[in-house]
Structure formats: C-alpha cells, structure tokens
Amino acid sequence: MAAKKVYILNTGYLETDKNNVVGGWTVGTKDTPYVKNEWIKLPVMAFLIETDDGYILYDTGSNPDAMKGYWSKVLQQIYPLYQKPEEELDKQLALCGVKPEDIKTVVISHMHLDHAGNLQLFPNTTVIVPKADFYAGQAQVKLNKDPNTHGGYVKGDMDRYVGQYVLADGDVDFELVPGVEVINLPGHTPGLLGLVVHLPNQTMILPQDCIYSSEIYGPPARLSGLCYDSISFMKSVEKVRRLQKKYNATVIYAHDEPSFKTYKLAPAYYD
Ligand SMILES: [Zn+2]
C-alpha cells in the first residue's frame with residue numbers, strides 16, 4: 001500500500017492586498033510616509049491524492065457562488081474570487097477521471113473560505129478537520145449575527161452535513177494511509193492540518209496556509225498579515241523546514257503566484 005500520485009487542482013484565484021499575506025509588506029517611513037500597497041493574485045489549489053487505498057482529497061477550494069452573495073460583502077471586497085466554470089472543483093476532479101463520490105476521505109486544512117467551500121459535494125464522505133479550527137469557526141458563524149464579522153469563515157461552509165466529521169486533535173500527527181501523513185501546523189488558524197505525501201519518486205509537503213508563499217517560508221520565516229497565533233505560526237513553519245530537510249521534499253506554497261506558474265496542474269500529476 002502506498003501513495004501513487006498527487007494531482008494539483010486549479011480552483012481559480014483570489015485577489016487581496018499583499019499585507020494580508022506578508023505582514024508589514026508595505027510600511028511607511030519618515031521620508032516616504034505614504035507607500036503604495038500591492039494588490040496580488042492568490043492561486044487557490046486543492047489536491048487529489050491517489051493511493052492503493054483509494055482517493056484522498058485535500059481541501060476543496062471556494063464555493064462557486066461566493067461572489068453571488070454566498071460570501072459576505074466584506075469577504076467579496078477583501079478576497080474577491082475569480083473562478084472559471086472549468087475551475088470548479090467537480091470539473092477539476094473530472095479532469096482526473098474522478099467523481100466526488102469516488103473520494104474516500106476529504107482532509108480540510110482549515111475551515112476558511114478558500115479551503116472548505118465545497119463540502120456540499122461530499123454528503124456521504126468522511127471529512128477530517130482540525131478540531132480547534134472547526135470549533136472556532138462554528139462559534140464565529142453561529143454566535144455572531146452579522147456575516148461581516150465571521151472572519152475567514154463562511155456560515156454556509158460550516159453548516160454542511162457530510163458522512164462523518166473526524167475532529168483531528170492538534171497534538172497528534174498521524175498516518176492516514178501508508179505514504180500519507182497528516183501533520184499539525186497551527187498558527188494561521190487555531191488548528192491547521194498539512195500533509196506529507198511519500199510518492200514513488202519524491203516526498204511532497206502540502207502545508208497550505210501555514211506557508212502562503214516563498215516570502216513566508218524564507219529563511220528567515222516571516223509572519224503572515226493574518227495570523228491567529230504568531231508563536232505557533234513560526235514553530236509550524238520551522239516544522240515544515242525540518243521535514244523538508246529530512247525527506248528532501250518538495251514544498252508546495254499555498255497561495256504563491258510565481259511558484260504556482262511552475263507547478264504541474266491536473267490532469268498532469270506528480271509521482
Ligand atoms: Zn488560504
């Protein structure tokens with residue numbers, strides 16, 4: 001039993017102010033007090049992993065109705081989504097010859113708008129989520145009336161029925177199937193699950209928003225602009241670096257446009 005292939009699914013992109021991605025990217029000084037911000041593209045990826053034990057999907061991208069009122073006005077302003085019909089998750093899976101019902105397990109890195117947006121496709125599937133983030137997101141969307149106060153969580157995403165949620169404990173890294181490890185990388189959010197995938201020819205680390213971009217990874221590591229816990233954030237980045245060295249692994253950055261342009265996209269795959 002082993003992991004055989006990783007497909008990178010292109011589910012469109014967000015745009016945002018770069019200060020949200022890299023903390024303090026544009027900062028004024030005495031001589032230049034007013035600095036122009038940068039407005040950047042954030043590719044949004046999901047990952048399909050083929051194993052001897054069936055298909056695993058890691059993250060689901062954003063909901064196709066995001067900009068049609070499914071997201072709050074604030075989210076549509078701060079992170080507008082651009083997603084072509086062929087970039088919707090089911091179409092991307094179809095490129096790999098896979099239907100949502102073929103997926104045995106979904107792993108969600110964290111419950112934010114660009115990762116947990118398509119659980120409606122998985123009403124009978126086991127979905128593994130980071131417990132601390134799942135609880136935080138549920139409280140945020142259930143107990144605050146105004147959707148503009150829900151941070152990166154979307155009530156529609158948090159209200160999905162699936163086959164079964166498995167709430168992964170933040171203290172325990174585990175092997176999901178042979179060749180696929182689930183690792184805890186908290187900091188960006190109260191809990192965040194990354195994957196280490198051992199393929200026949202290489203090891204890939206998928207840290208999602210633990211490492212937004214090459215600027216975050218460094219070295220030295222930099223804090224992202226949006227961060228729940230800065231100390232665990234930095235520890236998690238260094239955990240990825242240790243694993244990368246240990247396995248001589250390829251790290252796929254979550255939202256880095258220059259790197260994204262170099263990635264092989266489905267139906268091409270890594271093996
Ligand atoms: Zn993200």
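# Briefing: salt bridges, zinc site and strand packing

Lys104 and Asp53 form a salt bridge in which the closest N and O atoms are 3.4 Å apart. Lys104 belongs to strand β5 (residues 103–107) and Asp53 to the loop between β2 (39–51) and β3 (54–58), so the salt bridge ties together parts that are 51 residues apart in sequence. The model is predicted. A search of the whole structure gives 13 salt bridges, and a zinc ion is coordinated by side chains that include His115 and His255.

**Salt bridges**

- Both partners of the first pair are partly exposed: Lys104 has a relative accessible area of 46%, and Asp53 is at 30% relative accessibility.
- Asp159 and Lys142 meet through their side chains in a salt bridge of 3.0 Å, N to O. This pair links distant parts of the chain, with Asp159 in the loop between α5 (155–158) and β7 (164–168) and Lys142 in helix α4 (residues 131–143), 17 residues apart.
- Asp159 counts as partly exposed at 33% relative accessibility, and Lys142 is partly exposed with a relative accessible area of 42%.
- Asp159 also forms a salt bridge with Lys155, where the closest N and O atoms are 3.0 Å apart. Lys155 is partly exposed, at 38% relative accessibility.
- Lys4, Lys5, Glu50 and Asp52 are joined into one network by salt bridges that share partners.

**Lys4 and its surroundings**

- Lys4 sits in strand β1 (residues 3–17) and is partly exposed, with a relative accessible area of 34%.
- The side chains of Lys4 and Asp52 are joined by a polar contact of 3.5 Å.
- Residues up to four places away in sequence left aside, Lys4 touches Glu50, Thr51, Asp52, Leu199, Pro200, Tyr270 and Asp271.
- Between the C-alpha atoms of Lys4 and Met111 the separation is 27 Å, and these residues are 107 apart along the chain.

**Zinc site**

- The donors to the zinc ion are Asp114 (OD), His115 (NE2), Asp209 (OD), Asp209 (OD) and His255 (NE2), at 2.1 to 2.8 Å.
- Along the chain, these donors follow the spacing D-H-x93-D-x45-H.
- The pair His115 and His255 links distant parts of the chain: His115 is in the loop between β5 and β6 (126–130), His255 is in the loop between β12 (250–251) and α8 (257–260), and they are 140 residues apart.
- His115 and His255 are buried.

**Strand β5 and its partners**

- In β5, 4 of the 5 residues are buried, so the strand is largely enclosed by the rest of the structure.
- β3 and β5 run parallel and are joined by 4 bridges. Val106 in β5 stands opposite Leu57.
- β5 and β6 also run parallel, with 3 bridges between them. Here Val107 has Ile128 in β6 as its bridge partner.

**Gln83**

- Gln83 lies in the loop between β4 (81–82) and α3 (89–95).
- A polar atom of the Gln83 side chain is 3.2 Å from the backbone oxygen of Thr11. The Gln83 side chain also reaches the backbone oxygen of Ser62, at 3.5 Å.
- Neighbours within four places in sequence left aside, Gln83 is in contact with Thr11, Gly12, Ser62, Asn63, Pro64 and Glu88.

**Aromatic pairs**

- The structure holds 5 aromatic pairs.
- Tyr7 and Tyr269 form an edge-to-face pair, at 5.5 Å centre to centre and 65 degrees between the planes. The pair links distant parts of the chain, with Tyr7 in strand β1 and Tyr269 in the segment after α8, 262 residues apart.
- Tyr7 counts as buried at 6% relative accessibility, whereas Tyr269 is partly exposed at 31%.
- Tyr13 and Tyr82 form a stacked pair, at 5.1 Å centre to centre and 20 degrees between the planes. Tyr13 lies in strand β1 and Tyr82 in strand β4, so far as location goes, and the pair links parts of the chain 69 residues apart.
- Tyr13 is partly exposed at 24% relative accessibility, and Tyr82 is partly exposed at 36%.

Note on methods. Residues numbered from 1 in each chain as written. Predicted model: local features only at pLDDT ≥ 70, side-chain atom pairs only at ≥ 80, totals over all residues. Heavy atoms only, no water. Salt bridge = Lys/Arg side-chain N within 4 Å of Asp/Glu carboxyl O. Helix = DSSP H or I, 4+ residues; strand = E, 2+ residues; numbered from the N terminus. Buried < 20%, exposed > 50% of the residue type's maximum accessible area, 1.4 Å probe, protein only. Donors = N, O, S within 2.8 Å, 3.2 Å for Na, K, Ca; no water. Polar contact = N/O pair within 3.5 Å; in protein donor to acceptor, adjacent residues only side chain to side chain. Contact = heavy atoms within 4.5 Å. Pairing = 2+ DSSP bridges. Phe/Tyr/Trp six-rings, centres within 6.5 Å; stacked < 30°, edge-to-face > 60°.
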